[in-house]
Amino acid sequence: AEGRTCPTPTAGVTIEGCIMEKIRIQKIMSDSGVCSRRKAEEYISEGRVKVNGRPCKLGDKALAGKDIITLDGEKIYVAKKRQLYYIMLHKPRGYVTTMSDELDRKCVTELLTKVPERVYPIGRLDKNSEGLLLFTNDGNFANDIMHPSRHISKTYRVTVRPDINDEQLIKLASGVEIDGKMTQECSVVVLDKQPGRVVLQMTIHEGRNRQIRKMCEAVKLQIVRLKRNAVGNIKLGMLKPGEWADLTAEELKGLKALVSSDKSTKRTGKK
């Protein structure tokens with residue numbers, strides 16, 4: 001428009017008087033709602049992403065909306081303006097946390113058919129676990145929540161058998177070795193204790209693969225049921241299995257504040 005000027009970047013292409021800057025391909029994929037930025041980096045490393053018919057590598061850039069980017073041969077469409085969605089789902093047992101499954105198992109995305117944009121899960125819950133699972137099409141937000149350095153808390157209700165003693169409780173809380181690395185300190189509270197069955201509430205600040213299950217296995221406890229009730233300030237509440245809801249403005253603000261607070265702590269070194 002008349003009276004407006006476009007900044008001059010170091011590299012780009014002129015279109016209708018403005019200069020478009022090239023953007024890292026994983027960011028374009030994330031912003032387009034295809035997957036998270038971290039997942040896009042995996043796809044690029046695996047050679048599944050091409051730009052204008054040629055395989056790309058990590059660090060490569062492209063012009064969003066001009067260069068043709070494909071994933072497994074399927075073109076990625078870049079929306080100029082896209083509504084961002086932040087969703088909570090009560091994942092039932094029996095569903096896998098993937099966009100699709102080659103074994104034809106039930107996928108969590110089947111429960112989100114009425115969402116107008118393609119969204120993807122933030123983190124995972126294994127097939128036999130249930131509870132709170134977050135989804136979004138905001139790649140930067142997803143990356144912030146999943147990044148190991150963020151230490152966003154996750155609270156689980158864990159039913160184990162046959163019984164639990166003080167030594168096992170102390171080990172779980174102080175840290176056990178799984179996959180060759182000690183877990184961080186966590187909160188473990190006994191909610192209910194009956195013959196042959198104990199219900200625990202465990203709150204961790206890591207996101208390691210099947211962490212709760214592996215921690216319990218390390219102290220010789222068998223998990224009967226595993227349910228995630230909260231991620232950060234987001235609580236499952238009364239949401240029924242298979243149901244989903246948009247995060248409220250207050251919930252989203254609180255979750256973003258947790259990420260921002262953690263980033264600030266990293267910069268200042270203060271807690």
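Me: Buried means a relative accessible area under 20%, exposed means over 50%, and partly exposed is in between (1.4 Å probe, protein chains only). At what relative accessibility does Asp-126 count as buried?

Reply: This is a predicted model, where local features need pLDDT of at least 70, side-chain atom pairs count only at pLDDT 80 or more, and totals for chains, interfaces and linings use all residues. Residues are numbered from 1 along each chain as its sequence is written, and side-chain values use heavy atoms, without hydrogens or water. Buried needs a value under 20%, and the relative accessibility of Asp-126 is 19%.

Me: How many strands does the protein have?

Reply: Helices (H or I, at least four residues) and strands (E, at least two) are DSSP runs, numbered from the N terminus. Besides six helices, the protein has strands, and their number is 19.

Me: What share of the 271 residues in the protein is buried?

Reply: The protein exposes about 15900 Å² by the Shrake-Rupley method with a 1.4 Å probe, and carbon and sulfur atoms supply 48% of that area. Buried residues, in turn, make up a share of the 271 residues equal to 41%.

Me: Which side chain of opposite charge is nearest to Lys-91?

Reply: Lys-91 lies in strand 9 (residues 86–91) and is buried. Lys and Arg count as positive, Asp and Glu as negative, while His and the chain ends are not counted. Lys-91 has no salt bridge, a term for a side-chain nitrogen of Lys or Arg within 4 Å of a carboxyl oxygen of Asp or Glu. At 6.0 Å, the nearest side chain of opposite charge is Asp-126.

Me: Which residue's backbone oxygen does the side chain of Lys-91 reach at 2.6 Å?

Reply: A polar contact is a pair of N or O atoms within 3.5 Å; within protein, one must be able to donate a hydrogen and the other to accept it, and residues adjacent in sequence count only if both atoms are side-chain atoms. The side chain of Lys-91 reaches the backbone oxygen of Lys-127 at 3.4 Å. At 2.6 Å, the side chain of Lys-91 reaches the backbone oxygen of Ser-129.

Me: Where does Arg-210 lie, in the pair with Asp-126?

Reply: Side chains of opposite charge can pair when their charged atoms come close. Asp-126 and Arg-210 meet in a salt bridge through their side chains (3.3 Å, N to O). The pair ties together parts that are 84 residues apart in sequence, because Asp-126 lies in the loop between strand 10 (120–122) and strand 11, whereas Arg-210 lies in the loop between strand 16 and helix 5.

Me: Which residue is linked with Glu-46 and Arg-48 in a network of salt bridges?

Reply: The structure holds 13 salt bridges. One of them joins the side chains of Arg-48 and Glu-46 (3.2 Å, N to O), and Glu-46 is partly exposed at 48%. Arg-48, partly exposed at 30%, has another salt bridge at 2.7 Å, N to O. The residue that completes the network is Asp-72.

Me: Which strand gives the most residues to the largest nonpolar core?

Reply: A nonpolar core is a set of buried Ala, Val, Leu, Ile, Met, Phe, Trp, Tyr and Cys residues joined through side-chain atoms within 4.5 Å. The largest has 33 residues, and those with the most contacts inside it include Val-158 and Leu-172. Elements that each supply at least two residues include strand 12 (154–161), helix 4 (166–174) and helix 5 (211–218). With four residues, the element that gives the most is strand 16.

Me: Which residues of helix 5 are buried?

Reply: Contact means heavy atoms within 4.5 Å. What covers the buried part of helix 5 includes strand 12, helix 4, strand 13 (177–178), strand 16 and strand 17. The buried residues there are Gln-211, Ile-212, Arg-213, Met-215 and Cys-216.

Me: Is Lys-220 buried or exposed?

Reply: Lys-220 is found in the loop between helix 5 and strand 17, where it takes a positive phi of about 65°. Its relative accessibility is 71%, so Lys-220 counts as exposed.

Me: Which residue does a cis peptide bond join to Arg-161?

Reply: Omega of this bond is about 5°. The partner of Arg-161 lies in the loop between strand 12 and helix 4, and it is Pro-162.
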